[in-house]
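Here is a set of exercises to work through with the model open beside you. Try each task before reading its solution.

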Amino acid sequence: MSTTIAAREELLQSTKQALASLNVRREALESEASAITSELTSPLESGGPPMGVDTPLVDSDGYPRSDIDVYRARTLRGRLATIGTDHKQIMRDIEMKLQQLAALQKPQRVAEEKAEIEERKKPKPKPKYDPVTGKWVVKNWDGTIAGAGSDKTPRSFDSLEALSSDGQAASSNVRQSAAASVGGRNTTVAPSLPFAKVNAVAPHSPAEAAGLLEDDLILRFGSITIDSPNGFQELAQAVPNAASDHQTIEILVKRGNAQQETKTVHLVPRPWEGRGLIGCHIVPFQN
């Protein structure tokens with residue numbers, strides 16, 4: 001153990017000395033570059049225009065300027081370009097040495113930062129339904145729940161059930177409904193009372209493509225009806241479930257001034273240019 005500590009201390013001192021040496025070289029290059037730039041940009045003693053850092057060294061007729069020492073101007077410009085290249089390399093070397101110094105001074109912190117970067121690069125799992133907040137949440141890089149509101153005590157994403165018991169029922173309902181809806185009509189008996197209302201439909205959205213209209217009253221959403229124990233919670237879970245499985249949800253609505261017309265539409269939840277997966281706002285309906 002003592003041998004390891006001694007070796008690390010020796011390497012630490014060596015790194016500090018290398019940094020000090022690089023810093024001296026950096027300051028010397030910057031001082032020389034400042035002097036060259038000052039000479040190139042200062043007016044001549046004769047009162048003529050300066051040699052310039054990148055101005056032409058020939059006159060309007062294409063001949064070398066007679067008011068300056070063209071050879072010296074070229075030499076100074078060449079040296080300035082070399083200094084710029086050397087300075088960039090030294091700055092890269094300093095950055096590398098600073099990283100090494102940080103790793104030697106705080107090895108635990110560097111290891112933690114590296115582990116965090118690796119965790120952030122890992123593929124994110126699918127969102128899960130959080131029964132505490134009633135929202136769909138995602139996993140933070142550190143394993144906690146993101147999107148769970150202002151929870152003071154972080155909770156583990158992995159501790160959430162993939163779906164609550166109600167969510168499992170909703171997922172099952174959507175898949176059964178989608179299977180019946182693709183290629184045929186849903187054979188469930190049509191309910192007579194609506195449980196939700198379409199409050200708004202965004203242009204160019206999946207909802208508009210399906211034929212949903214503002215003020216439509218929803219009688220059935222997949223297999224979710226007014227008799228479903230947790231209708232809106234099931235509906236919120238049904239949409240992402242159907243989107244992940246690329247399934248169609250059959251929706252039975254009432255529309256018209258007196259809501260006398262009954263119509264079936266087929267909604268395909270999917271990502272689009274707007275918010276959400278369907279592009280419409282659905283609210284509870286009460287008679």
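## Exercise 1: A link between two helices

Arg-79 has a relative accessibility of 31%, which makes this residue partly exposed. Keep in mind that the model is a predicted one.

**Task.** Find the residue with which Arg-79 forms a salt bridge, and work out how far apart in sequence the two parts tied together are.

**Solution.**
- Step 1. Look for the partner: Arg-79 forms a salt bridge with Glu-32, and the closest N and O atoms are 2.8 Å apart.
- Step 2. Place both ends: Arg-79 belongs to helix H2 (residues 70-105) and Glu-32 to helix H1, so the pair ties together parts that are 47 residues apart in sequence.
- Step 3. Check the accessibility of the partner: Glu-32 is partly exposed, at a relative accessible area of 30%.
- Step 4. Recall the general idea: side chains of opposite charge can pair when their charged atoms come close.

## Exercise 2: A pair within one helix

**Task.** Glu-30 and Arg-26 meet in a salt bridge. Decide for each of them whether the residue is buried or partly exposed.

**Solution.**
- Step 1. Start with the geometry: the side chains of Glu-30 and Arg-26 come to 2.9 Å, N to O.
- Step 2. Count along helix H1 (residues 2-41): the two residues are four apart, so about one helical turn separates them.
- Step 3. Apply the cut-off, in which buried means under 20% relative accessible area. Arg-26, at 18%, therefore counts as buried, whereas Glu-30, at 34%, counts as partly exposed.

## Exercise 3: A buried charged pair

**Task.** Describe the surroundings of Asp-216, beginning with its place in the chain and ending with its charged partner.

**Solution.**
- Step 1. Locate the residue: Asp-216 sits in the loop that runs between helix H5 (206-210) and strand S5 (217-221).
- Step 2. Judge its accessibility: with a relative accessible area of 1%, Asp-216 is buried.
- Step 3. List what surrounds it: beyond its neighbours within four places in sequence, the contacts of Asp-216 include Ala-196, Lys-197, Val-198 and Gly-211, as well as Val-253 and Lys-254.
- Step 4. Identify the partner: Arg-255 and Asp-216 meet through their side chains in a salt bridge (2.6 Å, N to O).
- Step 5. See what the pair connects: it links distant parts of the chain, with Arg-255 in strand S6 and Asp-216 in the loop between H5 and S5, 39 residues apart.
- Step 6. Check the other end: Arg-255 counts as buried too, at 11% relative accessibility.
- Step 7. Turn to the wider count: Arg-26, Glu-27 and Glu-30 are joined into one network by salt bridges that share partners, and the whole structure holds eight salt bridges.

## Exercise 4: Following the strands

**Task.** Trace the pairing from S4 through S5 and S6 to S7, and find which strand also pairs with S4.

**Solution.**
- Step 1. Strand S4 (residues 196-201) pairs with S5 in the antiparallel sense over two bridges. Lys-197 has Leu-217 as its bridge partner in S5.
- Step 2. S5 then pairs with S6, again antiparallel, over four bridges. Here Leu-217 stands opposite Lys-254 in S6.
- Step 3. S6 is joined by seven bridges to strand S7 (residues 261-267), and the two run antiparallel. One position to look at is Ile-249, which faces Leu-267 in S7.
- Step 4. Consider how enclosed S6 is: six of the seven residues of this strand (residues 249-255) are buried, so it is largely enclosed by the rest of the structure.
- Step 5. Return to S4: five bridges join it to S8, and the two strands run antiparallel. Val-198 stands opposite Ile-282 in S8.

## Exercise 5: The largest pocket

**Task.** Which element supplies the largest share of the lining of the largest pocket, and where is Cys-280 found?

**Solution.**
- Step 1. Note the volume of the largest pocket, about 300 Å³.
- Step 2. Sort the lining by element: helix H6 (231-244) and strand S8 (280-284) each supply at least two residues, and H6 gives the largest share, five residues.
- Step 3. Pick out some lining residues, among them Phe-232, Leu-235, Cys-280 and Ile-282.
- Step 4. Focus on Cys-280: this residue is found in strand S8 and is buried, with a relative accessible area of 17%.
- Step 5. Look across the fold: Cys-280 and Asn-199 are 81 residues apart in sequence, with 7.4 Å between their C-alpha atoms. Leaving out residues up to four places away in sequence, Cys-280 touches Val-198, Ala-200, Val-201, Ala-207 and Leu-212.

Note on methods: Residues are numbered from 1 along each chain as its sequence is written. This is a predicted model: local features need pLDDT of at least 70, side-chain atom pairs count only at pLDDT 80 or more; totals for chains, interfaces and linings use all residues. Side-chain values use heavy atoms; hydrogens and water are left out. Buried means under 20% relative accessible area, exposed over 50%, partly exposed in between (1.4 Å probe, protein chains only). Contact means heavy atoms within 4.5 Å. Two strands pair if DSSP finds at least two bridges between them. A salt bridge is a side-chain nitrogen of Lys or Arg within 4 Å of a carboxyl oxygen of Asp or Glu. On a 1 Å grid over the protein atoms alone, a cavity is a set of points where a 1.4 Å probe fits but cannot get out, and a pocket is an open set with protein on both sides within 12 Å along at least five of seven lines; lining residues have an atom within 4 Å of a point. Grid points are joined across faces, edges and corners, and a volume is the space filled by probe spheres set on the points.
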